[in-house]
Protein chains: 2
Amino acid sequence: MKLVVLGIDIGGTNTVYGLVEKSGNIVFRGQIPTFGHEPVENLVIRFWEKVDSFLEAHPECELSGIGAGAPNGNHFTGLIQNPPNLSWGDVDIVSILKEKFSCEIILTNDANAAALGEKNYGIAKDMSDFIMITLGTGLGSGIFSGDNILYGHDSMAGEMGHLSIDQNGRKCSCGLRGCLEMYVSAKGIKETVIELQKVNPGDDFLSSLEPDSIDGKMIDRAIDDGVESAISLYEFTADKLAYGLAQAATILSLEAFIFYGGYSQAGDRLLGPTRIALETYLMDNLKGKIKVLQSGLPPGQAGILGAASLIWSSDRK
Amino acid sequence: MKLVVLGIDIGGTNTVYGLVEKSGNIVFRGQIPTFGHEPVENLVIRFWEKVDSFLEAHPECELSGIGAGAPNGNHFTGLIQNPPNLSWGDVDIVSILKEKFSCEIILTNDANAAALGEKNYGIAKDMSDFIMITLGTGLGSGIFSGDNILYGHDSMAGEMGHLSIDQNGRKCSCGLRGCLEMYVSAKGIKETVIELQKVNPGDDFLSSLEPDSIDGKMIDRAIDDGVESAISLYEFTADKLAYGLAQAATILSLEAFIFYGGYSQAGDRLLGPTRIALETYLMDNLKGKIKVLQSGLPPGQAGILGAASLIWSSDRK
């Protein structure tokens, strides 16, 4: 008999899922569109059919639980609370899953799931205090502190995307000003590109970027080719990122920041200047001590591995 | 037999100590100058003599341990590390205490000790996620998260005084810019008064303040008398404080901030405008949920109660 856990990572556009062994081996996985305008029950039926077919064809696999990560997933209540880009309002995903699957089910938010993946199967195995930062459309974060996920009072801790780095800064869709994700994420880089295009209307590289559909790989290539304005774009982004990281480090006393998702693929093009700037924003007792790393987990797998690990670590399995 | 724990709160100017029962009842306490220019051994001898005399005269009291809080006290190593305003460098206070007292000894930093006092004997009894902020010469903070003190990787977590609220802000003695304590603490209020005196040279109240020896009670009285410039001084301070609190709340998802020490005595004169400003800096999911409170513990006692509680909670005593 092969014990497996279903790890689910619900995203604004796609949902990925996998049957994971305790070792982290994924025996089966898939991806389907989330279709956030439809009821969440439809999403559950669509991946239940896939998982159910696989399990019927592989009777040696026994499902021992489900771990799910979702935007605004509340670990304490089992509710997905008014997730951005999904028209669900508050949904009791744990109860909805229970109608299809008769096993233990645990929910957390998507960024915490990614952090759990890194802790249990990635480069954070020996770390107790780190933040996993996901650079996508926005900026998500999951915090490990004292060897545990930091949930806070209402399970919504770790909103580093909405850490404000400038009291009078860029206006965020959340209503606040200066939120880190308005500088460091697809949204933030778009804003910076628009600003830079205005200041440097004759710059070939900046002119070649279409703010609404910037491809990170274009920026990477320009940096590799030594294009000054591309290098400046990431130096500005890295400076804002580093200033934000320093504030989290000052409060939490961390070992590392680990980057995952879209723009983290830039690697040292973005993380190199971030490391340099971070040192200038840290107190003496933290200088030289905090690593800025790129996740080694394959794209799309941190969330399902981490969500699955919620079950593996919940009892003696 | 009456079991007691010696709680010690080492400060830059004075050291307070007390013999504390598990209930929080302080059976004996005292205060001596720290004399930070002398070796730390002299300080230990001076309070050891007082405690020893008391215990000899009260054979019914049995000393079951020592908890100590000190600036830059490292819970993991037992070292006080280069404390500000004390010329000790790094001192192994736990070993030094062991030469005089043969019992269990636990160290933490002064702000954590105050937070432990509030958690075990104050208004935070039923709270799992809060920050205790001490407003003195500087701004200290101890963080409870998930019902535990948050120590971080090197036991130095919780440095909210050095959370930067302005990338280009006031220069701090730590070398960074915009540190919260440069706006909210005796040091910070001094800077604000100097700035306001320059802008409003004819203001009677501001002119009456001597920046190097500002008495918080003078500001309190002026606010009670409706003096506009005094009200503005605390509104500015409250705005900076609230912006800083919001960043910590965003990362940690808290129930409350609890204020203790010197300027916290201003009570609602400072905390009232802080509450109002805080709401403007919080994300929707935190708005209306985070309390801003004044500690109810008597001045000077949070540290010794909290330090003592390190022993009471360390085993089955």
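The dialogue below goes through several labels used for this predicted model and asks what each one rests on.

Trainee: Why is Glu228(A) called exposed?

Mentor: Around Glu228(A) there are 11 other C-beta atoms within 10 Å, and because the label exposed applies at 12 or fewer, Glu228(A) falls in that class. The residue belongs to helix α7 of chain A, which covers residues 228–252, and its C-alpha atom is separated by 9.0 Å from that of Phe205(A), a residue 23 positions away along the chain.

Trainee: What makes Asn82(A) partly exposed?

Mentor: Asn82(A) has 15 C-beta neighbours inside 10 Å, and since exposed requires 12 or fewer and buried requires 20 or more, the count of 15 places Asn82(A) in between, as partly exposed. Asn82(A) sits in the loop between β5 (80–81) and β6 (90–91) of chain A, and its phi is positive, about 45°, although the residue is not a glycine.

Trainee: How do you know that Phe35(B) is partly exposed?

Mentor: The reasoning rests on a count of 16 other C-beta atoms within 10 Å of Phe35(B); because the limits are 12 or fewer for exposed and 20 or more for buried, Phe35(B) is partly exposed. Phe35(B) also has a positive phi, near 50°, in a residue other than glycine, and its place is the loop between β3 (26–33) and α1 (40–57) of chain B.

Trainee: How do you know that strands β8 and β9 of chain A are joined?

Mentor: Pairing requires at least two bridges, and six bridges join β8 (residues 130–135) to β9 (residues 139–145) of chain A, so the requirement is met, with the two strands running antiparallel. Within this pair, Met132(A) stands opposite Gly142(A) of β9(A).

Trainee: What makes β10 and β12 of chain A edge strands?

Mentor: Each of them, β10 (148–149) and β12 (291–294), pairs on one side only, in an open sheet of five strands whose order is β10-β9-β8-β11-β12 and whose pairing is mixed. Helix α8 of chain A, residues 268–281, packs on this sheet and touches β11 (256–260) and β12, its direction making about 170° with that of β12(A).

Trainee: What supports the pairing of β4 of chain A with β1 and with β7?

Mentor: The same test of at least two bridges applies: eight bridges join β1 (residues 2–10) to β4 (residues 61–70) in chain A, which run parallel, and five bridges link β4(A) to β7 (residues 105–109), also in the parallel sense, so both pairings pass. Asp9(A) stands opposite Gly69(A) in β4(A), while Gly67(A) stands opposite Ile106(A) in β7(A).

Trainee: How is the packing of helices α6 and α7 of chain A described, and which residues make the contact?

Mentor: The axes of α6 (residues 216–224) and α7 of chain A come within 7 Å and cross at roughly 115°, and the crossing is left-handed. Ile219(A), Ala222(A) and Ile223(A) of α6(A) meet Ala230(A), Ile231(A), Leu233(A) and Tyr234(A) of α7(A). These residues divide into seven nonpolar, no polar and no charged, because Ala, Leu, Ile and Tyr are counted as nonpolar.

Trainee: How many residues does each chain bring to the contact between A and B, and what is the makeup of the side of chain A?

Mentor: Chain A contributes 37 residues and chain B 37 residues, and α7(A) gives the most to the side of chain A, with six residues. By class, that side of chain A has 16 nonpolar, 15 polar and six charged residues.

Key: Residues are numbered from 1 along each chain as its sequence is written. Chains are lettered from A and ligands numbered from 1 in the order in which they are written. This is a predicted model: local features need pLDDT of at least 70, side-chain atom pairs count only at pLDDT 80 or more; totals for chains, interfaces and linings use all residues. Helices (H or I, at least four residues) and strands (E, at least two) are DSSP runs, numbered from the N terminus. Two residues are in contact if their C-beta atoms, placed from the backbone, lie within 7 Å. Axes are lines fitted to C-alpha atoms, for helices over the stretch in contact, and angles run from 0 to 180 degrees between N-to-C directions. A crossing is left-handed if the near helix is turned anticlockwise from the far one by less than a right angle, and right-handed if clockwise.
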